[in-house]
Amino acid sequence: MDGADYGRKADFRWISVLRLPVFVTEADFAWAVEDAARRKKLDCFAAELLAVEEGLCVQMLHTGPFETEPETVNVMDAFLAENGYVNDLTDRRLHHEIYLSDARKTTPDRCRTILRHPVRKISP
């Protein structure tokens, strides 16, 4: 993203998302939060159950360290421009990263991450 300083990761705003099965209800989620607090002494009360409607997106597999992700994003942006689309990043439609590798066990050059951006068609 324009202006992102990958050397200052502490300044990034991010959320961690885990996909849950569709049968998990709000009541199930509330129970799990309470149970984690009681049995595991974990404070999960800031966690929330979200339903995300991503809509139209572009995504690409990035292989390598996180610091080189901008190169992959540039390829995605070129693809969008060539096909009449633009990024549609907003405070509700966000950049996503899906980690396919465990960064604790994989060397940075072999890490695999799916990068995903919401997009929209350019109006004629």
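Colleague: Where does Val17 lie relative to α1?
Modeller: Keep in mind that this is a predicted model. The helix α1 covers 26–40, and Val17 lies in the segment before α1.

Colleague: Is Val17 buried or exposed?
Modeller: Val17 has a relative accessible area of 56%. The cut-off for exposed is over 50%, so Val17 counts as exposed.

Colleague: Which residues make the nonpolar surface patch of about 470 Å²?
Modeller: Val17 is one of them, and we just saw that Val17 is exposed. The full set is Ile15, Val17, Leu50, Val52 and Leu94.

Colleague: Okay, on to the largest pocket. Which residues are the closest to its centre?
Modeller: This pocket holds about 2600 Å³ of space. It has 47 lining residues, and the closest to the centre are Ile15, Ser16, Val17, Leu94 and His96.

Colleague: Which elements give two or more residues to the lining of the largest pocket?
Modeller: One is a helix and the others are strands, at 96–99 and 112–121. By name, these elements are α1, β3 and β4.

Colleague: How many residues in that lining are nonpolar?
Modeller: Sort the lining of the largest pocket by class and you get four polar and 13 charged residues. The nonpolar ones number 30.

Colleague: Now Lys41. Is Lys41 buried or exposed?
Modeller: Lys41 is found in the loop between α1 and β1 (57–63). Its phi is near 60°, a positive value in a residue other than glycine. Its relative accessibility is 68% and the cut-off is over 50%, so Lys41 counts as exposed.

How values were computed
Residues numbered from 1 in each chain as written. Predicted model: local features only at pLDDT ≥ 70, side-chain atom pairs only at ≥ 80, totals over all residues. Heavy atoms only, no water. Patch = residues over 30% accessible without salt bridge, like charges linked within 9 Å, V, L, I, M, F, W, Y side chains within 5 Å. Areas by Shrake-Rupley, 256 points an atom, 1.4 Å probe, with all protein chains shown as cover. Salt bridge = Lys/Arg side-chain N within 4 Å of Asp/Glu carboxyl O. Helix = DSSP H or I, 4+ residues; strand = E, 2+ residues; numbered from the N terminus. Buried < 20%, exposed > 50% of the residue type's maximum accessible area, 1.4 Å probe, protein only. 1 Å grid on protein atoms, 1.4 Å probe; cavity = no way out; pocket = protein on both sides within 12 Å on 5 of 7 lines; lining within 4 Å. Points joined across faces, edges and corners; volume = space filled by probe spheres on them. Nonpolar A, V, L, I, M, F, W, Y, C, P; charged D, E, K, R; others polar.
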